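Subject: Structure for you to look at, with notes

Dear colleague,

I am passing on the structure that we spoke about, and my notes follow directly below it. Please have it open while you read, since the notes move from place to place.

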Amino acid sequence: FGSHAGVATEELITLISDRPDVFQVYERIELQDLVDEQSLGMTGLIAEDTAADVGNLSGVEYKIFGALTNLSAKEDSFGLAGLTGGLLGSQASVVANVSIRVVEVSTGRVVLVGQGKGSSKRVSGGVASDSGAFMLGSANVTDEMAFNAVSKAIKDAVNGKEGLFTKMGVNDKKGKKR
């Protein structure tokens with residue numbers, strides 16, 4: 001997934017954070033900034049009445065883990081020939097499957113699993129004649145197609161038919177937020 005891994009993680013965090021009525025998200029990286037700010041307030045360099053309160057953070061009850069369980073690519077070519085030439089074409093597609101697990105921190109028990117699937121396709125076509133072939137576009141599988149498929153799979157794993165919010169009963173029948 002390369003350079004897109006961070007973007008995929010951010011997308012998952014954004015989807016879950018959009019529902020503070022369901023989850024309150026705390027990022028470990030951000031917690032260190034909070035601890036640093038609270039520590040600075042305890043040095044006496046900052047006025048007591050404006051310093052951040054120490055010890056008011058809640059313990060984390062659940063951790064969310066995600067995994068890309070499948071990423072496959074396929075390219076098909078086709079042609080139709082006639083007396084004066086023919087049509088050429090190809091289609092490339094990428095399919096991604098994602099699994100998201102909600103784990104209870106105190107017990108390590110998996111309390112909820114969301115599954116998602118996404119795909120991305122590209123079609124190209126052209127014509128062939130006695131003088132050669134002319135293609136319009138390229139159907140090769142790209143990194144962007146893979147990322148788009150994974151992005152769709154993440155959204156499906158959160159809001160889709162087998163998604164976290166659907167299983168929790170916090171989506172309406174169309175899979176949209178209430």
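I begin with V60, a residue that is partly exposed, its relative accessible area being 41%. V60 belongs to the loop that runs between α2 and β1, and together with Y26 and V105 it makes a nonpolar surface patch of about 240 Å². Please keep in mind throughout that this is a predicted model, and that the values below were computed from it.

The overall layout

The protein contains four helices and four strands, and, read from the N terminus, these elements follow one another in the order α-α-β-β-β-β-α-α. Of the 178 residues in the protein, 28% are buried.

The largest pocket

Which residues come closest to the centre of the largest pocket? This pocket has a volume of about 1,000 Å³, and of the 32 residues that line it, V25, Y26, Y62, K63 and I64 are the closest to its centre. Y26 therefore appears twice in these notes, as a residue close to the centre of the pocket and as a part of the surface patch with V60, which is itself partly exposed at 41%.

As for the elements that build the lining, at least two residues each are supplied by α1 (5-17), α2 (28-42), β1 (62-82), β2 (85-104) and α3 (143-159). The largest share of the lining is that of β1, with seven residues. Sorted by class, the lining consists of 23 nonpolar residues, five polar ones and four charged ones.

Salt bridges

The structure has five salt bridges, and I describe some of them here. One of them joins R19 to D21, with 2.8 Å between the closest N and O atoms. The two partners are placed in opposite ways with respect to the surface: R19 has a relative accessibility of 5% and so counts as buried, the limit being under 20%, whereas D21, at 57%, is over the 50% limit and therefore counts as exposed.

Another salt bridge links K74 and D76, where the closest N and O atoms are 3.8 Å apart. Here K74 is partly exposed, with a relative accessible area of 49%, and D76 is likewise partly exposed, at 37% relative accessibility.

A further salt bridge is formed by E104 and R109, and in this pair the closest N and O atoms lie 3.4 Å from one another. E104 counts as buried because its relative accessibility, 17%, is under 20%.

Residues far apart along the chain

The last group of findings concerns pairs of residues, each considered both along the chain and in space.

In helix α1 there are two residues to look at, and A8 is one of them. A8 is buried, its relative accessible area being 9%, and although 139 residues separate A8 from F147 along the chain, their C-alpha atoms are 8.0 Å apart. T9 is also placed in helix α1, but this residue is partly exposed, with a relative accessible area of 43%. The C-alpha atom of T9 is 8.5 Å from that of G66, a residue 57 positions away along the chain.

Is G126, which sits in strand β3 (residues 110-129), buried or exposed? With a relative accessible area of 14%, G126 falls under the 20% limit and is therefore buried. G126 is 39 residues from L87 in sequence, while the distance between them in space is 5.9 Å, taken from C-alpha to C-alpha.

Towards the end of these notes comes M168, which is found in helix α4 (residues 164-168). M168 is partly exposed, since its relative accessible area of 36% lies between the limits of 20% and 50%. M168 and L112 are 56 residues apart along the chain, and the separation of their C-alpha atoms is 8.6 Å.

If you would like a place to start, I suggest the centre of the largest pocket, where Y62, K63 and I64 are among the closest residues, and then the patch made by Y26, V60 and V105.

With kind regards

Methods: Residues are numbered from 1 along each chain as its sequence is written. This is a predicted model: local features need pLDDT of at least 70, side-chain atom pairs count only at pLDDT 80 or more; totals for chains, interfaces and linings use all residues. Side-chain values use heavy atoms; hydrogens and water are left out. Buried means under 20% relative accessible area, exposed over 50%, partly exposed in between (1.4 Å probe, protein chains only). On a 1 Å grid over the protein atoms alone, a cavity is a set of points where a 1.4 Å probe fits but cannot get out, and a pocket is an open set with protein on both sides within 12 Å along at least five of seven lines; lining residues have an atom within 4 Å of a point. Grid points are joined across faces, edges and corners, and a volume is the space filled by probe spheres set on the points. Ala, Val, Leu, Ile, Met, Phe, Trp, Tyr, Cys and Pro count as nonpolar, Asp, Glu, Lys and Arg as charged, and the others, Gly among them, as polar. A salt bridge is a side-chain nitrogen of Lys or Arg within 4 Å of a carboxyl oxygen of Asp or Glu. Patches are made of residues with over 30% relative accessible area and no salt bridge: like charges are joined within 9 Å, nonpolar side chains (Val, Leu, Ile, Met, Phe, Trp, Tyr) within 5 Å. Accessible areas come from the Shrake-Rupley method with a 1.4 Å probe; for residues, only the protein chains shown count as cover.
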